[in-house]
Amino acid sequence: MIELTNTVAQVIQPGQAVTFDRVLVHTGCGECRRTGMPFVKLRTRGTYEINFSGNISGAVAGTQVQLAIALGGVGLPETVMVYTPSVANSFGNVSTGTFVRECCEGCDQITVINTGTVAVTLSANMNLRIKRLS
């Protein structure tokens with residue numbers, strides 16, 4: 001299991017990935033992460049539970065901002081998180097979770113990406129958890 005966060009707010013441009021600067025918990029060897037990289041590599045074949053939560057906002061009121069969990073660089077549609085701030089730069093909490101089966105090379109990197117068309121502001125202390133189930 002691995003749990004990651006970032007201690008500072010960040011702006012994620014469309015198509016870009018969230019970065020993490022702190023490992024809160026890391027047990028076992030099913031997942032690995034290299035400092036400075038925006039992804040977690042699934043090292044062991046199996047089924048993984050992935051959860052993300054954080055506070056997001058956008059610079060323009062009434063404009064949707066969105067993030068999603070991505071597998072191999074491709075956003076998973078079932079994980080898209082959408083928030084529409086009623087006031088510019090007001091934050092709202094979003095969260096999502098899914099299960100993935102790692103069974104081949106190329107689909108072994110987990111990221112959280114901006115799948116929208118405008119920049120997303122992500123507050124500090126968001127949370128990404130990845131846990132190998134079997």
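## A guided tour, starting at Asn125

Select Asn125 to begin: you will find this residue in the loop between strand S12 (120-122) and strand S13 (127-132). The model you have open is predicted. Check the backbone of Asn125, where phi is positive, at about 70°, although the residue is not a glycine. Most residues other than glycine have a negative phi. Now turn on the surface: Asn125 counts as exposed because its relative accessibility is 59%, and exposed means over 50%.

Next, select Asn89. Its place is the loop between strand S9 (81-83) and S10. Here too phi is positive in a residue other than glycine, with a value near 65°. Is Asn89 buried, partly exposed or exposed? With a relative accessible area of 48%, Asn89 is partly exposed, as that class covers the range between 20% and 50%.

From that loop, move along to strand S10, which spans residues 92-102, and stop at Glu102. This side chain is one to look at with the surface on: Glu102 has a relative accessible area of 5%, so it is buried, the limit being under 20%. What does Glu102 touch, leaving out residues up to four places away in sequence? Show Leu42, Thr44, Arg45, Gly46 and Tyr48, then add Cys107 and Asp108. Draw a distance from Glu102 to Gly46: their C-alpha atoms are 5.5 Å apart, while 56 residues separate the two in sequence.

Now for the interior. Select Phe52, Leu128 and Ile130, the residues with the most contacts inside the largest nonpolar core, which has 27 residues. In soluble globular proteins, nonpolar side chains tend to be buried together. Centre the view on Phe52 and bring up its partners beyond four places in sequence: among them are Leu67, Ile69, Met81, Val94, Val112, Leu122, Met126 and Leu128. Ser95, Thr96 and Asn127 are also in contact with Phe52.

Finally, zoom out and colour by secondary structure. The protein chain has 13 strands and 0 helices. Of its contacts between residues at least 6 apart in sequence, 70% join residues at least 24 apart. Buried residues account for 41% of the 134 in the chain.

For the overall outline, the C-alpha atoms fill a box of roughly 45 × 25 × 20 Å along the principal axes. The radius of gyration is 14 Å, which agrees with the value near 14 Å for a compact globule of 134 residues. Colour by charge as a last stop: there are 10 positive and 8 negative side chains, and the centres of the two sets are 5 Å apart.

Methods: Residues are numbered from 1 along each chain as its sequence is written. This is a predicted model: local features need pLDDT of at least 70, side-chain atom pairs count only at pLDDT 80 or more; totals for chains, interfaces and linings use all residues. Side-chain values use heavy atoms; hydrogens and water are left out. Helices (H or I, at least four residues) and strands (E, at least two) are DSSP runs, numbered from the N terminus. The radius of gyration is taken over C-alpha atoms; the globule rule is 2.2 Å times the number of residues to the power 0.38. Buried means under 20% relative accessible area, exposed over 50%, partly exposed in between (1.4 Å probe, protein chains only). Contact means heavy atoms within 4.5 Å. Lys and Arg count as positive and Asp and Glu as negative; His and the chain ends are not counted. The place of a charge is taken as NZ of Lys, CZ of Arg, CG of Asp or CD of Glu. A nonpolar core is a set of buried Ala, Val, Leu, Ile, Met, Phe, Trp, Tyr and Cys residues joined through side-chain atoms within 4.5 Å.
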